Amino acid sequence: MTTNRERHVERSPSASYDCSKFDLWQAQLYMDSSCLLASLHGSDTLLFADMQHRDPMLQKRDEFEDMLEERRNSSDLRYALRCYTPVLYKGVTPCTAGALKNMVLQSAQIHFVIGQVSNETGRAVDDIQEEASAILEEMAHSLQLSTVRFFAFTLSKVFKTLFRSICVNEEGIQRLQQAIQEHPVVLLPSHRSYMDFLLMSYILYTYDLALPVIAAGMDFMGMKFVGEMLRMSGAFFIRRSFGGDKLYWAVFSEYVKTMLKNGFAPVEFFLEGTRSRTSKSLTPKLGLLNIAMDPFLKGEVFDVHLVPVSISYERILEEALYARELLGVPKPKESTSGLFKARKVLSEDYGSIHVYFGQPVSVRRLSQGKVDRGQFNLTPRHIPKRPSEEIHSFVNDSAYGLVRAQEENMVLKPWVLLASLLLQNHHGDQASGRARGMALDELTEQAVWLRDLSRQYGAFLHWPDHVPPPEVVSSSLSLHRGLVTITEGRVQLASEQGEPPPVGPEEELLRQAVTVLSCVSYRNQALHVFLRPALLASAVHAASSSGKQEIFNSFSFLRNMFSNEFILCPGATVQDFEEACFLLVKTGALHVSQQEVVVTERGHRTLAFLTSVLDPFLQGYQVRVRSRLRYTEVLSSDLQKNALAALLRLGAVRKIKGYVGFDHPRVPVGSVEYARPRARLKLHHLEFISTNESVWFVAIRVSTDVKQQLRPYSAFGGKHEVFIRIMNEFIQIMNEFIRPTDFMMSDSFAVFFSSETLLLKCSGACWSDGEAERRARL
Amino acid sequence: MSCLNFNVSHVLSQLNLCQYLPFHRQEIMKWNGWGYSDSRFLFNKKGQAEFTGKRYKLSGMIIPGLKEWFEGTFGANLQHKSPPILNSSAVRPPTLNEAFVEELKSTGVPFSHDAEDRVFRAYGHCVHEIFALREGRIGRVPDLVVWPNCHNDVVKIVELACKHNVCLIPYGGGTSVSSALECPSEETRSIVSLDTSQMNRILWIDEKNLTAHVEAGIVGQDLERLLNESGYCTGHEPDSMEFSSLGGWVATRASGMKKNIYGNIEDLVVHIKMVTPRGVIEKSCQGPRMSTGPDVHHFILGSEGTLGVVTEVTMKIRPMPEYQKYGSVVFPNFEQGVACLREVAKQVTPDFYLIFSSGHALKPQVSSIFTSFLDGLKKIYITKFKGFDPNRLCVATLLFEGNREKVLQHEKQVYDIAAKFGGLAAGEDNGQRGYMLTFVIAYLRDLGMDYYVMGESFETSVPWDRVLDICQNVKARIVHECKERGVQFTPLSTCRVTQTYDAGACVYFYFGFNYRGLSDPVHVYEQVEHAAREEILANGGSLSHHHGVGKLRKEWMSETVSNVGIGMLKSVKDYVDPNNIFGNRNLF
């Protein structure tokens, strides 16, 4: 410690500041780890039972049935018109959309809030009532069986064309049916595609279950006709943000609660809030979950059951769209005509879909011992109140648990493993500067190895064991031929053949990045399987010794750092560490004793694989001294967004009036403005250090102002000279404000130009080889 | 309309009253069950249910529907009997404080250390207490029973107890359902049960002020009978009034069925005299209300025998009602019934009406405590008023008392309100029966215990807006917990609203289950009741409306009244009884 500190001081005057932070943080870790040790010394049997419980291998999963099979053999029309009589909660009679609106408008909560708003603003009560009514009108669903039948018919046709099969676990359906009868039910599907909610309703209709009402983003309303169709099939629309609008919140929450409490229909929403463009689960949004749990917490219903649903697509319809979006090509606005243009997708093979209805989770059971429901005893329950700290953390924990439950039942296809391997190989190639690809038999061998490993980690892998591995590999590759090329028995990542040749090097780069990011999204599907072991592997890798404490500290640091990136339940550091140890010990990769964590002889391969799983993310969060851009995937705006969120959370940077500003002793606090004729730049410097003193996390970000200025040149479509000039100006500014000696910036730094519109990653003073060449050409 | 051919003209006339309680209560009362020894339900040789004895209107009658209901609701079987094991010899010999006994002898106050007397006073009527007695498991019991005859006897006994450090547990009617009478197992001193039953006189009646000064050991039925002889009544009629005592009412903050007319015990008492280890506490006058700091009566009301013995009470009395009218209303469902009760509580001045019960009284499982009586009625209603789902309808029982004109006026008002909530007047007979049933229901539990069925009722008070939610959630919790704990038969889990207030209501829950196949049914029972109580608290219900805390609900006291509240109570206890002479350890 002392030597570390001295070296810090030598290097930079800021070190003492950083160190104090570092120490605090260490102290925190020691506290954490004392808990860990206590638990390790605890009763052996208890620990064992715990471990058994956590061993993912022991998880029982249901069998799947293909629901398209019947559709291929019988009339779609008859299916769409068949008798549909779902069983409802405690046999309630369904309520018309109009009656439901009345119930909401007459509720005590709406009355109260209307009165409150009237008092605050001086507006007439009638006026506000009308506004509430208008909000409800805009929001409310108008579920109609005829529309559902229309969708049942058309979707049957569409699904049969697009997909080979739609597999559903029927036991899950039975559990759901049971749950719907006994308790209000909330359906929580994962969100990877626009398809998700149509698919959900389609499945429930097919199995004669109550049709859900679905919370949808307002953006759908942009598609006039389609928006109304969706409304009539059970969607209700909520604004993406309504900040402090009390009335909106009241109407919205009362609407959801009324449907839930009375059990008129299962309520469905996406915990992740939006479609994950990366196939990696997004950290959960709590608003709707809060509302859904409220009736239970306030004692208005005996229980609420939450059903996580995992929808896994073998190929996502929006695959290439997402990659472009992540690279800053603007997301096309939802429009009806856009939807029709998307017809092109109809001609392709998208493999199969697996939908797994998870075990219903009882909110009552979940809250046992965690929430004191008595806290609502002293104020009338219809008066809206900000959730207490206790409830907030309960809802947060539950949300993470539910997203993990979704992850656990995601079906992985062999291609996911291949994509992981090909990506790692691709990065290796890039580092060595040669694009050689991977021999097919080598790929097969590695895939089989990875198959076994992932199974041991509890992956829900659909690998056809009766088919010889080479065939599995080749059929997977052929389904995804848009992303790989096979030449002379070697496989490598490449963009689709046959497209018109790229217009310039930028387009070439973009196209390459799209391919990589598409692949990344497949690899990401398996991330949750490897995440905890990978964090441990990286911690082992980074640690200077095999001391368990140090490795734990490192693990904890990484885990904390990545908690915006991955689904890591808050406060579960010790459990995650134990789980990671357990898995790696079980597979013989590590030997863990009371004091030490040692990599075994055969463990090196596993650890190398795991470390490289996490490596792109590590790179994305840092610019390492004297290193070059290696992973194209750090261009992903998702990664940058998460990195920034993490740095903010960790206190490395601060938000100042909506901007991220300096927080460094040598640079005045506040955003730095630099006016130039063409670009008004706001520079933001983010900086953080790891446990390992030699690694500095530095990222520099340009604010949205710059983005506005640079928009004409986005996606390399504009004039290169202008762009380069701005770049150079920028580098000058950087040098003015951040002296090389402070951060050794002269060696390298990274610039992310805006997150959404334009992305260019370059290596400051010395460009990476490839880019330097290209720059020379320009 | 009725399936039984008897009439009840007045609720109290059904009680064939005995004159006062004897020293050895076990001579006329069950020591391991409810009420009089000669009155009990049984299934006769023909398999018909019968109520024995001569004391009640129901006595000597066959109750036709009971067997079916009993078997249907609990899955009980008449072949599976679980009779009590009679084993009163298991009582441990008394630990006597010789010096205390010697001095007690010289005062001339009667006492006994006979095993039967001691066991009788060791328990209340919680399920676990009765179950243990039936199985012949007898734990710590009082070592001595004393029968003071008047206030001065009590003063002497308390002085002696202080002098010799003897633990005193006051004993009134013995109808506690909160483990309040249980002797703390950790008590090493000699425990003396102070039986107040011989202090049972009305000392005077003041017709000018309409008050009566009464010794606290008098039981409800005697008090009412004696007052009636002079043309008065107190109007305080808890379900247990046949056996519970005035002192007990004061010590637990009791509530009666007619409280909407007459008030609860705290509204009825004008003056209280209590003997404590520090001396006698009483107010200096009988003024109807005082502003003299916190009301010291409220240290006594609800003190549950932890501070002293209540010896004499001045109570408000009223002339016997000129006119009385029963009534009942059938509602299509419980929700409507509750909404109606709420509206009635809002609109009708509470002076002369009473709404006493609404519950799933006719719902097969539920009602069916009442089914035998109401079967015929139910059929008529189902046919007569189509649209009432027989499984959901519920009945409210009414009693109007007072001046004839007012009664009729209020009756109309109440029925009008009821009609707005879909309620249909269901006649006087049903009202009367519902009222009368209160007194025999308690006997039913003993019948259940003969056939592996265990049951109990518990209560709470809750704001109006939570009544329906709490009913739904607690009932569901009971069913849920039974399932979790391996109870093989669906339990009886039901409720009724028994009292209405301006700001809320009192709700009773009934819980019974067939415990065949369970190795430790009492434990299961206790766990379920515990869970149900947690559910009540989580849903905004109180720890108790009138049963009290005793030792059964002690664990929730501090969260109920806050730590400061507990501190206040404790500091009173520390001052009044520093040596814990009144050592029953109730409340906290």
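How many salt bridges are there between chain B and chain A? In this predicted model, the count comes to five. One of them brings together the side chains of Arg381(A) and Asp465(B), with 3.6 Å from N to O. Polar contacts turn up across the interface too: 11 residue pairs qualify, with both partners at pLDDT 80 or more.

Who sits on the chain B side of this meeting place? Two elements of chain B each give two or more residues to the side that touches chain A, namely helix 15 (467–484) and helix 16 (521–538). Helix 15 of chain B provides the largest share, with seven residues. Sorted by class, the side of chain B that touches chain A holds six charged, five polar and three nonpolar residues. Counting both partners, 14 residues of chain B and 12 residues of chain A take part in the contact. Together the two chains bury about 1100 Å², and carbon and sulfur atoms carry 32% of that. On the chain B side, the residues that lose the most area to chain A are Arg466(B), Gln472(B) and Ala538(B), which together make up 36% of what that side buries.

Stepping back to chain B as a whole, there are 17 helices and 21 strands to look through. Of its 588 residues, 61% are buried. Among contacts in chain B with a separation of 6 or more, 77% link residues 24 or more positions apart.

Zooming in on one spot, Ser461(B) lies in strand 19 (residues 453–463) of chain B. Is Ser461(B) buried or partly exposed? With a relative accessible area of 22%, Ser461(B) counts as partly exposed, because buried would need a value under 20%. Leaving aside residues up to four places away in sequence, Ser461(B) touches Ala505(B), Cys506(B), Gly540(B), Gly541(B), Ser542(B) and His545(B). With Ser542(B), the side chain of Ser461(B) also makes a side-chain polar contact of 2.7 Å. Thr494(B) is 33 residues from Ser461(B) in sequence, and their C-alpha atoms are 16 Å apart.

Over in chain A, helix 9 (residues 145–162) makes a handy ruler check. Its 18 residues, at 1.5 Å a residue, should span 26 Å, and the end C-alpha atoms are 25 Å apart, so the two values agree. The buried residues of helix 9 of chain A include Val148(A), Phe151(A), Leu155(A) and Phe159(A), and also Arg149(A) and Lys160(A). The buried residues of this helix pack against helix 4 (68–73), helix 5 (76–81), strand 2 (165–168), helix 11 (195–206) and helix 12 (224–232) of chain A.

Conventions. Residues numbered from 1 in each chain as written. Chains lettered and ligands numbered in written order. Predicted model: local features only at pLDDT ≥ 70, side-chain atom pairs only at ≥ 80, totals over all residues. Heavy atoms only, no water. Contact = heavy atoms within 4.5 Å. Buried area = accessible area lost by both parts, 1.4 Å probe. Salt bridge = Lys/Arg side-chain N within 4 Å of Asp/Glu carboxyl O. Polar contact = N/O pair within 3.5 Å; in protein donor to acceptor, adjacent residues only side chain to side chain. Helix = DSSP H or I, 4+ residues; strand = E, 2+ residues; numbered from the N terminus. Nonpolar A, V, L, I, M, F, W, Y, C, P; charged D, E, K, R; others polar. Expected span 1.5 Å × (residues − 1). Buried < 20%, exposed > 50% of the residue type's maximum accessible area, 1.4 Å probe, protein only.
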